[in-house]
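Hi there,

Here is the structure we talked about, with the sequence alongside. Please have a look at it first, and then read my notes below.

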Amino acid sequence: MSALTELERRAHAELAACVDAAALRMWHTKYFGDTGAVKLALAQIGKVPKEQRAEYGKEANRVKDALAIAFDAALVKEKDRALERSLTEEVVDVSMPGRNIERGRLHLATRTLREIYSIFADMGFQVYRTREVETDEMNFELLNMPPHHPARDMWDTFHTTTPGVLLRTHTSPGQIHVMREMAPKPVRAILPGMCFRYEQITTRSEIMFQQVEGLAVDQGISMGDLKGAIQAFARRLFGQERKIRIRSSYFPFTEPSIEVDVDCIVCRGKGCGLCKRTGWLEIMGAGLVHPAVLRNGGYDPAKFSGFAFGMGPQRVALLRHGIDDIRLFWGNDLRFLCQF
Ligand code: DAH
């Protein structure tokens, strides 16, 4: 019995001296482990002389329970202490400035495209996307350029190793795709996307660049509609006071064909470096859709007519922002990209 009293006293004293969770675990193994002191004391019950056994057993169990309760209480207290320690020792200064998350932005080319979309959307044009890998038929033949037609020289073409398959040199083949889907309903569509040309890379030309094609097909569409649409577009993009100039030109898929200039946004027509002293900036090719192209798209040219135009949005951005090197667009230089 005195051994039990001593055990209990010692165990309480050691428990009180435990300073952290590791010490508590060691204490628990020492007293409650398989060969621990409490286990041993309980094992003694059978060896105690019979007349003292009941009293010893009762006391041994009381000591076991008392120590178990004391241990649980010590554990709870240690958890509180640990929390208190972490709150005071590992202080978080909530007033410290945070780390900035850098905001991304859209590429200048994307932003220009979206501006163009929204201007034409207001005029009832929907965006229609078509493929970048095209057939010779779509890129040339159905646009009124049979094989060996000299006008094909206007487009330096990337051919693939599959005969008749090429990288589109312009977005115009999209005209055939959209007409064939819509015919005989009217069309108001703009066709944006990447084009490819086998050209020398310079400050003014790249082997890949975007175009935005526009197409309107309906009954009774005239040159006046084309002119009105282009003027409205140019004024919204370059400024309300802009003038446009129309020059006659040639494209196999339009008749008549025109090229469109706006008066220079820098010198307002007087002549400067940007407009190369001409006072005008060329922004697009356009025209009335050639009857053969209308027919290839599934429309009867006796009933339907249409206008089409094509422009390079990067060139538009170049003019608007006074950028002097088109290679900057795909150069991925943040010093350039972050300016917009
Ligand atoms: N496809 C022409 C090019 O790549 C641009 C163009 C001119 C498109 C006149 C048209 C158009 O739709 O009517 O240079």
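**The ligand and its pocket**

The ligand occupies the largest pocket of the structure. Elements E5, E8 and E9 each give two or more residues to the shell around the ligand. Please keep in mind that this is a predicted model.

Which residues come closest to the ligand? Of the 16 residues that surround it, the closest are His-170, Ser-172, Arg-197, Gln-211 and Glu-213. Sorted by class, the shell has six nonpolar, eight polar and two charged residues.

Some contacts with oxygen atoms of the ligand are worth finding on your screen:

- Arg-197: an N or O atom in its side chain is 2.9 Å from a ligand oxygen.
- Gln-175: a polar side-chain atom lies 3.1 Å from an oxygen of the ligand.
- Ala-308: here a polar atom of the backbone is 3.2 Å from a ligand oxygen.

How much of the ligand's exposed area does the protein bury? Taken alone, the ligand exposes 350 Å², and the protein buries 92% of that.

**The pocket itself**

The largest pocket holds about 1,200 Å³ of space. It is lined by 48 residues, and those closest to its centre are Arg-197, Glu-282, Ile-283, Gly-312 and Arg-315. Arg-197 thus turns up both in the list of residues closest to the ligand and in the list closest to the pocket centre.

If you colour the model by secondary structure, these are the elements that supply two or more lining residues: strand E5 (208–218), strand E6 (244–249), strand E7 (254–263), strand E8 (280–289), strand E9 (305–311) and helix H10 (313–321). Strand E8 gives the most, with seven residues. The lining as a whole divides into 20 nonpolar, 14 polar and 14 charged residues.

**A cavity elsewhere in the list**

Besides the pocket, I looked for enclosed space. How many cavities of 30 Å³ or more does the structure hold? There is one, and the space in this largest cavity is about 30 Å³.

Its lining is made of Gln-126, Tyr-128, Val-178, Met-182, Val-187, Arg-188 and Ala-189. Helix H7 (173–182) and strand E4 (187–196) each supply at least two of the lining residues, and E4 gives the most, with three. By class, the cavity lining has five nonpolar residues, one polar and one charged.

**Backbone details**

There are also some spots along the backbone that you may want to look at.

Two of them are cis peptide bonds before a proline. The bond from Ala-183 to Pro-184 is cis, with omega near 5 degrees. Pro-184 is in the loop between H7 and E4, and those two elements both contribute to the lining of the cavity.

Glu-255 and Pro-256 are likewise joined by a cis peptide bond, with omega about -5 degrees. In this case the proline lies within a strand, E7, which also gives residues to the lining of the largest pocket.

Where is the residue Asn-144 placed? It sits in the loop between helix H6 (136–139) and strand E3 (165–167). Its phi is near 75 degrees, which is a positive value in a residue other than glycine.

If you would like a starting point, try Arg-197, with its side chain 2.9 Å from an oxygen atom of the ligand, and then follow strand E8, which gives seven residues to the pocket lining.

Happy to go through any of this with you.

Best wishes

Note on methods: Residues numbered from 1 in each chain as written. Predicted model: local features only at pLDDT ≥ 70, side-chain atom pairs only at ≥ 80, totals over all residues. Heavy atoms only, no water. 1 Å grid on protein atoms, 1.4 Å probe; cavity = no way out; pocket = protein on both sides within 12 Å on 5 of 7 lines; lining within 4 Å. Points joined across faces, edges and corners; volume = space filled by probe spheres on them. Helix = DSSP H or I, 4+ residues; strand = E, 2+ residues; numbered from the N terminus. Nonpolar A, V, L, I, M, F, W, Y, C, P; charged D, E, K, R; others polar. Near = heavy atom within 4 Å. Polar contact = N/O pair within 3.5 Å; in protein donor to acceptor, adjacent residues only side chain to side chain. Areas by Shrake-Rupley, 256 points an atom, 1.4 Å probe, with all protein chains shown as cover. Sits in = over half its atoms within 2 Å of the grid points.
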